[in-house]
Amino acid sequence: MPGKKNPSLKDPELYEELREDGASKHKAARISNAAAKKGRSAVGRKGGKSGDYEDWTVPQLKAKAKEIGLTGYSVKKKSELISALRNS
C-alpha cells in the first residue's frame, strides 16, 4: 500500500507497521483505525480476560481445543495444546 492514499485508514503508519509484522489487511486496518479513535494505549489494553494458557489445566485446554474445532488434541501434551491454541 505504500504510495497510495486510503481515506478509510486513520493511522497509516500503524497500519504499515502491522502489515510488516504479518497482520492481514483487514486486521491491520481495524487496529489502526481503533488506535486513531481511542488512542494506542487504550487499544493495547483491550482484551486479556481469560488468563494465560499456562495457568489452565490439561482438561481445560482440551475443552477449549474441542470448542474451537481443533483435531488431534486428545493425544497432545500441555505445551503442544498451548501451541495449537495460540496458532489456531
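**How are K64 and E67 placed relative to each other in helix α4?**

Let us start with this pair. K64 and E67 sit 3 residues apart in helix α4, so about one helical turn separates them. Their side chains form a salt bridge, in which the closest N and O atoms are 3.6 Å apart. As you look at the pair, keep in mind that this is a predicted model.

The two partners differ in how much of their surface is open. K64 is partly exposed, because its relative accessible area of 24% falls between the 20% and 50% cut-offs. E67 is exposed, because its 60% relative accessibility is over 50%.

**The overall plan**

Now let us step back to the whole chain. The protein contains 5 helices and 0 strands. Reading from the N terminus, you meet the elements in the order α-α-α-α-α.

What share of the 88 residues is buried? Buried residues account for 22% of them.

**A salt bridge across the sequence**

The structure has 2 salt bridges in total. You have already met K64 with E67; E54 and R86 also join in a salt bridge, with 2.9 Å from N to O. E54 belongs to the loop between α3 (40-45) and α4 (58-68), while R86 belongs to helix α5, so this pair ties together parts that are 32 residues apart in sequence.

Are these two residues buried or exposed, or somewhere in between? E54 has a relative accessible area of 41%, which makes it partly exposed. R86 is partly exposed as well, with a relative accessibility of 48%.

R86 also gives us a link to the next topic. The C-alpha atoms of R86 and Y53 are separated by 8.8 Å, although their positions lie 33 residues apart along the chain.

**An aromatic pair**

How many aromatic pairs are there? The count comes to 1. The partners are Y53 and W56, which meet edge-to-face, with 4.9 Å from centre to centre and 85° between the planes. If you wonder where such numbers come from, a pair of aromatic rings is described by the distance of the centres and the angle of the planes. The label edge-to-face fits here because the angle of 85° is over 60 degrees.

Both residues lie out of the open. Y53 is buried, because its relative accessible area of 17% is under 20%. W56 is buried too, with a relative accessible area of 17%.

**Helix α5 and V58**

Helix α5 covers residues 78-86, and L81 is one of its members. At 1% relative accessibility, L81 is buried. The C-alpha atoms of L81 and V58 are 8.1 Å apart, while the two residues are 23 positions apart along the chain.

S79 is also in helix α5. Is S79 buried or exposed? With a relative accessible area of 53%, S79 is exposed. From S79 to V58 the C-alpha separation is 9.4 Å, and the two are 21 residues apart along the chain. Try finding V58 in the structure and looking from there towards S79 and L81.

**Charges on the outside**

Our last stop is the surface. Which residues form a negative surface patch? The patch is made by E13, E17, E20 and D21. One of them, E20, is placed in helix α1, which spans residues 12-20. E20 is exposed, with a relative accessible area of 68%.

K37 is another exposed residue, with a relative accessible area of 72%. You will find K37 in helix α2, which runs over residues 25-38. K37 and D11 are 26 residues apart in sequence, and their C-alpha atoms are 9.2 Å apart in space.

Definitions and conventions
Residues numbered from 1 in each chain as written. Predicted model: local features only at pLDDT ≥ 70, side-chain atom pairs only at ≥ 80, totals over all residues. Heavy atoms only, no water. Patch = residues over 30% accessible without salt bridge, like charges linked within 9 Å, V, L, I, M, F, W, Y side chains within 5 Å. Areas by Shrake-Rupley, 256 points an atom, 1.4 Å probe, with all protein chains shown as cover. Salt bridge = Lys/Arg side-chain N within 4 Å of Asp/Glu carboxyl O. Lys, Arg positive; Asp, Glu negative; His and termini not counted. Charge placed at Lys NZ, Arg CZ, Asp CG, Glu CD. Helix = DSSP H or I, 4+ residues; strand = E, 2+ residues; numbered from the N terminus. Buried < 20%, exposed > 50% of the residue type's maximum accessible area, 1.4 Å probe, protein only. Phe/Tyr/Trp six-rings, centres within 6.5 Å; stacked < 30°, edge-to-face > 60°.
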